[in-house]
Amino acid sequence: MTSVSLPPSLVATLPGNIYADPGVFAQEQELIFERMWFAAARASELTGPGAFVTKQVGRENVILLRGRDQQVRAFLNVCRHRGARLCPAEEGQLRRNIQCMYHAWTYGLDGKLVAAPNLTKMQDIDRDEYGLIKVHLKEWLGYIWVCLADEPPPFETDVIASADERLGGEGVIGGWQVDELAVGKRITYDVKANWKLIIENFMECYHCATIHPELTEMLPEFAGGYAAQAFVGHGAEFRDDAQAFTIDGAGGHERIPGVDEDHDRRYYAITVRPQVFINLVPDHVIFHRMYPMAVDRTVVECDWLYLPGVVESGADLSRSVELFDRVNRQDFEACEATQPGMSSRAYRSGGVLVPSEHHIAEFHEWVQGRLLG
Ligand code: FES
Ligand SMILES: [Fe+2]
């Protein structure tokens, strides 16, 4: 933080090195991404027994895999023999088991060691003990959340409470039936920016009038610079003549049945630390997951979720996808424009937050608290 005294309108940001120093990023991986719940995959991607995806979680690579009993399990993607990466692919379909390419140690879909050359001659090897290392896992909103900590924090207070707090009531998010929705579209963005810049951008709307003409037209109050995230329980109202949250305000779909009148024609945004953003509108949900890859690189996977009937009917989703895809590109371009400045001497002691951004200071305090352990 800057030591210069600031006028009351301004609050200091974090110093630039917190966004640019690989050493800080390594600490964040250890103290944030490897300790907290991390939304790794959509459960429906794991279509049946043997279907898997692999994901970067902190410094680890994790396999998420559906077993023959239909259960999803998560394992570290590391062979117990000499440490080779087991599944090099990002997704795929296994037959009956996973076999390591190096010396052919073979694991069942439940992670147990089932075979290895000469294994029968080594009667003292316990096949559970030398099975794959399990990772804690929960399913919520149709996503598989994993936690690398030995003792994960309580899911209710660490994850679910963020949605309850933002929406101003316990279980309010249940109205959108997110777990039952189908993925109508997924777009993956490779953003050359630190993950915190993306979170901070998502938390404020001071930039909306400058870079989001389409979004500001849809949600007129955004022109004032105050984000839906600045007030508990508040959703930004659609402009009067818009029928739906789409690029031109037309071409919406049936309202999700659980969404009541009070939440109709409004946009809600939730940040679930450390890597999820959820956007709720009456007929779809836009669900972002960040995968921090390096201090200056973050992969963002964004799903557009609709009622299954809407997706199955082949309805035109392009108008709703286009609106938030544009918003994403506008945001990520701004984050990428900011990243080089983080290493500049101009930003050695950071920048400043204006009143409509002051709530971001709480995020900064949270990050600092985590880094101090
Ligand atoms: S490292 Fe996997 S079998 Fe040897
Ligand atoms: Fe934005």
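This passage describes an iron site, a neighbouring helix in sequence, a buried histidine and a small sheet in a predicted model.

The iron ion (ligand 2) is held by protein donors from His-207 (NE2), His-212 (NE2) and Asp-331, the last contributing two OD entries. These donors lie 2.0 to 2.7 Å from the ion. The angles subtended by the four donor atoms run from 54 to 143°. A tetrahedral assignment would require all angles to lie between 85 and 135 degrees. The arrangement around the iron ion is therefore irregular. For reference, ideal angles are 109.5 degrees for four tetrahedral donors.

Along the chain, the donors of the iron ion follow the spacing H-x4-H-x118-D. The site thus links distant parts of the chain, with His-207 and Asp-331 124 residues apart. His-207 sits in the loop between helix H4 (195-203) and helix H5 (208-211). Asp-331 belongs to helix H8 (residues 318-338). Both residues are buried. The relative accessible area of His-207 is 12%. Asp-331 has a relative accessibility of 7%. Each value falls in the buried class because the cut-off is under 20%.

Helix H4 precedes the loop that carries His-207. Nine of the nine residues of H4 are buried, so the helix is largely enclosed by the rest of the structure. The buried set includes the apolar residues Leu-197, Ile-198, Ile-199 and Phe-202. Lys-196, Glu-200 and Asn-201 are buried in H4 as well. The N-terminal end of H4 is capped by Asn-194. A side-chain oxygen of Asn-194 lies 3.0 Å from the backbone nitrogen of Lys-196.

A further histidine, His-288, is located in strand E16 (residues 284-294). His-288 is buried, at a relative accessible area of 2%. Its side chain makes a polar contact with the side chain of Asn-279, at 3.3 Å. Beyond residues up to four places away in sequence, His-288 touches Gln-275, Val-276, Phe-277, Asn-279, Val-300, Glu-301, Cys-302, Phe-324 and Asn-328.

Elsewhere, three strands form an open antiparallel sheet in the order E7-E8-E9. Strand E7 (97-99) and strand E9 (113-115) stand at the edges. Each has a single partner strand, so one side of each is left without a neighbour in the sheet. Neighbouring strands of this sheet are turned by 35° against each other on average, direction ignored. Strand E8 (residues 106-108) pairs with E9 in the antiparallel sense over two bridges. Thr-106 stands opposite Ala-115 in E9.

Terms used
Residues are numbered from 1 along each chain as its sequence is written. Chains are lettered from A and ligands numbered from 1 in the order in which they are written. This is a predicted model: local features need pLDDT of at least 70, side-chain atom pairs count only at pLDDT 80 or more; totals for chains, interfaces and linings use all residues. Side-chain values use heavy atoms; hydrogens and water are left out. Donors are N, O and S atoms within 2.8 Å of the metal (3.2 Å for Na, K and Ca); water is not among the atoms, so sites may look incomplete. Four donors count as tetrahedral if all angles lie between 85 and 135 degrees; four count as square planar and six as octahedral if opposite donors are over 155 degrees apart and all others between 65 and 115; anything else is irregular. Helices (H or I, at least four residues) and strands (E, at least two) are DSSP runs, numbered from the N terminus. Buried means under 20% relative accessible area, exposed over 50%, partly exposed in between (1.4 Å probe, protein chains only). A polar contact is a pair of N or O atoms within 3.5 Å; within protein, one must be able to donate a hydrogen and the other to accept it, and residues adjacent in sequence count only if both atoms are side-chain atoms. Contact means heavy atoms within 4.5 Å. Two strands pair if DSSP finds at least two bridges between them. Axes are lines fitted to C-alpha atoms, for helices over the stretch in contact, and angles run from 0 to 180 degrees between N-to-C directions.
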